[in-house]
Amino acid sequence: MRDKPLSILLTILSFAIFSLAGCVARPDISGVWKGTIQASAAGGKDKWQGPAELTLNQNGDALTGTLVFTHPQGGRVQVPITSGIVSKDTVTFSGQNKFPMGSIEITFQGTVAGASLTGTADMTSRSVLIGPQANTASLNLTKQ
C-alpha cells in the first residue's frame, strides 16, 4: 500500500517534466515579421520581388495570421493564414484569399532561428483574365 502513493507521485512528476520539455522545444513566434518576398514562375520566368509582412498568432503549436506582400503588377496582396504549425525550428502554414476576379493560395515551409524566419512558398493564383499561374517564392523575414 505504501508504494501506491509513491507510484502516483512519480507518474505525475514524469508527466509534468515531459510537458515542460515540449514547451521548451517550441519557440514562440507570435508577432510581426518583416522582410522581402522574391518569386518567379516555373523555369525562373517572370521574376519579381517586394516587401512582405507576416503577422502570426500562436496557440501552442498552432498558427494563424496574415501574410501581406506587394506584387509589382497586382499591388498589395493580403492572404489570411488559416492553418499552420510550429515545432522546434520548423514552420509551416497555408492560406487563401478570394478576390472578385480570382484567388490566391499559399503554402509555406521554412525555419525559424532566433529573430530570423526563412523559407519557400508555393503560390497559385487564379484569375478570370489570365487563368491559373504557379509561382515559387522565397521569404526572408525578421521579427520586429
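Visitor: Which residue in S2 is the bridge partner of Gly31?

Guide: As a general idea, strands of a sheet pair through backbone hydrogen bonds, either parallel or antiparallel. In this model, which is a predicted one, Gly31 has Leu56 as its bridge partner in S2. That bridge belongs to the pairing of S1 with S2, two strands that run antiparallel and are joined by nine bridges. The hairpin of S1 and S2 has six residues between the strands, and within this hairpin Gly43 adopts a positive phi near 75°.

Visitor: Before going further into single bridges, what does the secondary structure of the chain come to?

Guide: The chain has one helix and eight strands, and from the N terminus on its elements run α-β-β-β-β-β-β-β-β. The eight strands close into a barrel, in the order S1-S2-S3-S4-S5-S6-S7-S8, with antiparallel pairing. Between neighbouring strands of this sheet the turn is 25° on average, when direction is ignored.

Visitor: Which bridges join S1 to S8?

Guide: S1 and S8 run antiparallel and are joined by nine bridges; one example is Ile37, whose bridge partner in S8 is Leu139. For another pairing in the barrel, one may look at strand S4 (residues 75–87) and strand S5 (residues 90–99), which also run antiparallel and are joined by six bridges. There, Ser87 has Thr90 as its bridge partner in S5.

Visitor: How many aromatic pairs does a search of the whole structure find?

Guide: The search finds two aromatic pairs. In the pair of Trp48 and Phe69, the rings lie 5.9 Å centre to centre with 25° between the planes, and the pair is stacked. Since Trp48 belongs to strand S2 (residues 48–59) and Phe69 to strand S3 (residues 62–71), this pair ties together parts that are 21 residues apart in sequence. Trp48 is buried, at a relative accessible area of 9%, and Phe69 is buried as well, at 2%.

The other pair is that of Phe93 and Phe108, whose ring centres are 4.7 Å apart and whose planes stand at 20°, so this pair is stacked. Phe93 lies in strand S5 and Phe108 in strand S6, 15 residues apart, and the pair thus links distant parts of the chain. Phe93 has a relative accessible area of 4% and is buried, while Phe108 is buried with a relative accessible area of 2%.

Visitor: Is Ser103 buried or exposed, then?

Guide: The reading rests on a cut-off, because a residue counts as buried when its relative accessible area is under 20%. Ser103, which lies in strand S6 (residues 102–113), has 12% relative accessibility and therefore counts as buried. Leaving out residues up to four places away in sequence, Ser103 touches Asn97, Lys98, Thr124, Ser125 and Arg126.

The same reading can be made for Ser40, found in strand S1 (residues 31–41), which counts as buried at 17% relative accessibility. Beyond its neighbours within four places in sequence, Ser40 is in contact with Lys45, Asp46, Lys47, Ala134, Asn135 and Thr136.

Visitor: Which residues does Gly65 touch?

Guide: Gly65 lies in strand S3 and, at 13% relative accessibility, counts as buried. When residues up to four places away in sequence are not counted, Gly65 touches Thr55, Asn57, Val79, Pro80 and Ile81. The C-alpha atoms of Gly65 and Ser30 are separated by 9.1 Å, although these residues are 35 residues apart along the chain. For the chain as a whole, 38% of the contacts with a separation of 6 or more are made by residues 24 or more positions apart, and 29% of the 144 residues count as buried.

Visitor: What volume does the largest pocket have, and which residues lie nearest its centre?

Guide: In general, rolling a probe the size of a water molecule over the atoms shows where empty space is left. Here the largest pocket has a volume of about 670 Å³. Its lining is made up of 26 residues, and those nearest the centre of the pocket are His71, Gly74, Ser125, Ile130 and Gln133. Two or more residues of the lining come from each of S3, S6, strand S7 (116–127) and strand S8 (131–143).

How values were computed: Residues are numbered from 1 along each chain as its sequence is written. This is a predicted model: local features need pLDDT of at least 70, side-chain atom pairs count only at pLDDT 80 or more; totals for chains, interfaces and linings use all residues. Side-chain values use heavy atoms; hydrogens and water are left out. Helices (H or I, at least four residues) and strands (E, at least two) are DSSP runs, numbered from the N terminus. Buried means under 20% relative accessible area, exposed over 50%, partly exposed in between (1.4 Å probe, protein chains only). Contact means heavy atoms within 4.5 Å. Two strands pair if DSSP finds at least two bridges between them. Axes are lines fitted to C-alpha atoms, for helices over the stretch in contact, and angles run from 0 to 180 degrees between N-to-C directions. Rings of Phe, Tyr and Trp (its six-membered ring) pair if their centres lie within 6.5 Å; planes under 30 degrees apart count as stacked, over 60 as edge-to-face and the rest as tilted. On a 1 Å grid over the protein atoms alone, a cavity is a set of points where a 1.4 Å probe fits but cannot get out, and a pocket is an open set with protein on both sides within 12 Å along at least five of seven lines; lining residues have an atom within 4 Å of a point. Grid points are joined across faces, edges and corners, and a volume is the space filled by probe spheres set on the points.
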